[in-house]
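Hello,

Here is the structure I promised to pass on. Please open it alongside this email; my notes follow below.

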Amino acid sequence: MINIREKYKQLIQFVKDAAPFNPEIALILGSGLGEFANSFVIIKSIATSEIPGYPPSTVQGHQGQIHFVDHRGKKLLLFQGRIHLYEGYHISDSVIPVELAASLGVKKLILTNAAGGINPLLNPGDLMIIQDFNTLSIKNDLVKLFGVGSPDMHDAVLNFPSKGIAEVFNSAFLDEDVETKRGIYYFTKGPSYETPAEIRMMKISGADAVGMSTAHEAIYGLVRGLDVGAISLITNYAAGISDQKLSHQEVIETADLAKVKFERLMKRIIGLL
Ligand code: HPA
């Protein structure tokens with residue numbers, strides 16, 4: 001089992017020393033959603049390239065910045081960019097943002113991502129509250145992270161999003177008149193998009209959307225004692241659900257179109273947290 005705090009001691013200390021305050025809420029922004037950070041009053045930004053040992057971001061639409069934000073008195077930590085397993089990083093690298101958030105005293109973690117819609121009721125541009133995850137493809141990696149047997153994790157994921165956050169999501173969707181969709185997120189490591197046969201298998205397993213992030217971050221956050229919630233922006237129909245070819249460009253373009261709705265909703269969520 002890896003002790004992440006020990007492995008990343010220097011990196012965590014660097015950010016602690018640079019932090020202008022202890023944030024209460026952390027937000028990780030998914031593919032194409034990073035620009036949201038620029039709509040806030042940013043107190044301090046740190047380029048992740050300046051942080052010793054921080055894995056460089058290699059993906060378009062993931063900028064590699066950490067922002068300390070004051071939003072109407074709420075102290076936020078915003079991650080503009082995340083660390084994906086499909087970039088070749090180890091799962092312990094991938095959860096660095098969550099470990100950093102927890103080490104700085106964050107209590108509430110909101111994760112966002114772009115995902116492909118498997119459930120035919122999900123269309124590009126929809127926002128889906130994640131209810132549960134399928135992480136079968138990384139079970140062994142999770143064991144390496146946490147050790148064998150983590151009953152708290154199972155209890156927490158059964159009641160996902162964490163209680164206070166679930167209520168905030170419900171209110172925010174209603175207040176902003178965004179149709180509330182909920183579903184199960186199927187995690188895949190990527191890097192390639194799925195085959196239609198894989199999507200059919202995921203669909204039979206009960207999955208509503210598929211993506212290459214978030215699940216292990218959520219589980220790590222829960223094990224670290226944070227309240228966690230996650231929202232997927234559906235950017236495309238998953239492979240074989242429509243005839244369209246999948247591309248990262250399409251993901252970025254749909255995220256761009258849904259930007260205004262996403263920003264309204266996220267600001268309402270932050271206000272209610
Ligand atoms: N599959 C996997 N990850 C994704 C997708 C998809 O269709 N869309 C956005 N991220």
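**The largest cavity**

Nine residues can be picked out by name around the largest cavity: Thr48, Tyr54, Pro55, Ser57, Gly64, Gln80, Gly81, Arg82 and Ile83 line it. Please keep in mind that this is a predicted model. The space inside the largest cavity is about 40 Å³. By class, its lining has 3 nonpolar, 5 polar and 1 charged residues. At a cut-off of 30 Å³ or more, the structure holds 1 cavity.

**The largest pocket**

Now to the open space. The largest pocket holds about 310 Å³. It is lined by 23 residues, and the closest to its centre are Ser31, Ala114, Tyr193, Met212 and Val251. Which elements give two or more residues to this lining? They are strand 5 (108–117), strand 8 (209–211), strand 9 (227–237) and helix 10 (248–257). Strand 5 gives the most, with 4 residues. The class count for the pocket lining is 11 nonpolar, 10 polar and 2 charged residues.

**Alanine 114**

One of the residues closest to the pocket centre deserves its own look: Ala114. Alanine 114 sits in strand 5. Is it buried or exposed? Its relative accessible area is 17%, and buried means under 20%, so alanine 114 counts as buried. Setting aside neighbours within four places in sequence, alanine 114 contacts Ser31, Leu233, Thr235 and Val251. Two of these names, Ser31 and Val251, also appear among the residues closest to the pocket centre. For a sense of distance, take isoleucine 270, which is 156 residues away from alanine 114 along the chain. The C-alpha atoms of the two are separated by 19 Å.

**Nonpolar cores**

In soluble globular proteins, nonpolar side chains tend to be buried together. Here, the largest nonpolar core has 53 residues. Tyr54, Phe68 and Leu100 have the most contacts inside it. Tyr54 is also one of the residues that line the largest cavity. There is a second, separate core of 29 residues. Among its members are Ile129, Val168, Ala258 and Ile269.

**Aromatic pairs**

How many aromatic pairs does a search of the whole structure find? It finds 5. One of them joins phenylalanine 133 and tyrosine 185. That pair is edge-to-face, at 6.1 Å centre to centre, with 80° between the planes. Phenylalanine 133 lies in strand 6 (residues 127–134) and tyrosine 185 in strand 7 (residues 181–187), so the pair ties together parts that are 52 residues apart in sequence. Both partners are buried. Phenylalanine 133 is buried, with a relative accessible area of 10%. Tyrosine 185 is buried too, and its value is 0%. Elsewhere, ring pairs link Phe36, Phe40 and Phe262 into a cluster.

**Threonine 135**

A last residue to look at is threonine 135, in the loop between strand 6 and helix 5 (139–146). Its relative accessible area is 5%, so threonine 135 is buried. What does threonine 135 touch, not counting residues up to four places away in sequence? The residues are Leu142, Ala215 and Ile219.

Best wishes

Key. Residues numbered from 1 in each chain as written. Predicted model: local features only at pLDDT ≥ 70, side-chain atom pairs only at ≥ 80, totals over all residues. Heavy atoms only, no water. 1 Å grid on protein atoms, 1.4 Å probe; cavity = no way out; pocket = protein on both sides within 12 Å on 5 of 7 lines; lining within 4 Å. Points joined across faces, edges and corners; volume = space filled by probe spheres on them. Nonpolar A, V, L, I, M, F, W, Y, C, P; charged D, E, K, R; others polar. Buried < 20%, exposed > 50% of the residue type's maximum accessible area, 1.4 Å probe, protein only. Contact = heavy atoms within 4.5 Å. Core = buried A, V, L, I, M, F, W, Y, C linked by side-chain atoms within 4.5 Å. Phe/Tyr/Trp six-rings, centres within 6.5 Å; stacked < 30°, edge-to-face > 60°.
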